[in-house]
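Hi everyone, thanks for making room for me today. I'd like to walk you through one protein model, going from the overall layout down to a few single residues.

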Amino acid sequence: MHEHSLLSIPVCHIPARVVNAGTREALADILTSHPAVAQHESYVTTGAFSLGSEAPPDYGIYNRDRGELTINWQMPRGQDSRAWQPETNDWLTCGP
């Protein structure tokens, strides 16, 4: 195992209206109300090779009214993502 400076976490409970819009702008609007999440490095996109930085978010759908998206954060220099434990936050929890 090697240190990895990029932390990737599935962010859950993204409202259906954001997922259905399928745009970077709709995602940005919802993330602004969650500052810790909004300060991300990147997220998984659809068509990144052909669309580049304009590629839309690649949401996973669970239930009819929620979605999830894997979002990446750059870890501070010298910190390993394997040692980081997220704070309990229902909006970020994808587990059971």
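I'll start with the whole chain, then turn to the core, one helix and two residues of a strand.

First, please keep in mind that this is a predicted model. The protein has 4 helices and 4 strands. If you trace the chain from the N terminus, the elements come in the order β-α-α-α-β-α-β-β. The protein has 96 residues, and 26% of them are buried. About 6600 Å² of the protein is exposed, and 52% of that comes from carbon and sulfur atoms. Now look at who touches whom: among contacts with a separation of 6 or more, 75% link residues 24 or more positions apart.

Let's go inside. Nonpolar side chains in soluble globular proteins tend to be buried together. Here, the largest nonpolar core has 17 residues. Which of them touch the most other members? They are L27, Y59, L69 and I71. At least two residues of this core come from each of β1 (6-15), α1 (16-21), α2 (24-31) and β4 (66-74). If you'd like one residue to click on, try I71. Leaving aside residues up to four places away in sequence, I71 touches L7, S8, I9, V11, L31, V37, H40, S42 and Y43.

Next, the helix α2. Its buried residues include A26, L27, I30 and L31. Why do we say they line one face of the helix? Seen down the axis of α2, the buried residues fall within an arc of 130°, so they share one face. On the other side of α2 you'll find E25 and D29, which are exposed. And what do the buried residues of α2 pack against? Their partners are β1, α1, α3 (35-38), β2 (42-43) and β4.

That brings us to strand β4, where I've picked two residues for you. One is N72, which lies in this strand. Is N72 buried or exposed? Its relative accessible area is 9%, and buried means under 20%, so N72 counts as buried. The side chain of N72 makes a polar contact of 2.4 Å with the side chain of S8. Not counting residues up to four places away in sequence, N72 touches L6, L7, S8, H40, E41, S42 and Y43.

The other residue is R66, also in strand β4. R66 has a relative accessible area of 27%, so it counts as partly exposed. A search of the whole structure finds 1 salt bridge. The side chains of R66 and D65 meet in a salt bridge, at 3.6 Å from N to O. D65 is partly exposed too, with a relative accessible area of 46%.

R66 has another polar partner to show you. Its side chain is joined to that of H13 by a polar contact of 3.1 Å. Setting aside residues up to four places away in sequence, R66 touches H13, I14 and I61. Here is a nice one to check on the screen: R66 and P15 are 51 residues apart along the chain, but their C-alpha atoms are separated by 5.0 Å.

So, if you take one picture home, let it be α2, with A26, L27, I30 and L31 buried and E25 and D29 exposed on the other side. Thanks for listening!

Technical notes. Residues numbered from 1 in each chain as written. Predicted model: local features only at pLDDT ≥ 70, side-chain atom pairs only at ≥ 80, totals over all residues. Heavy atoms only, no water. Core = buried A, V, L, I, M, F, W, Y, C linked by side-chain atoms within 4.5 Å. Buried < 20%, exposed > 50% of the residue type's maximum accessible area, 1.4 Å probe, protein only. Contact = heavy atoms within 4.5 Å. Areas by Shrake-Rupley, 256 points an atom, 1.4 Å probe, with all protein chains shown as cover. Salt bridge = Lys/Arg side-chain N within 4 Å of Asp/Glu carboxyl O. Polar contact = N/O pair within 3.5 Å; in protein donor to acceptor, adjacent residues only side chain to side chain. Arc of directions from axis to C-beta.
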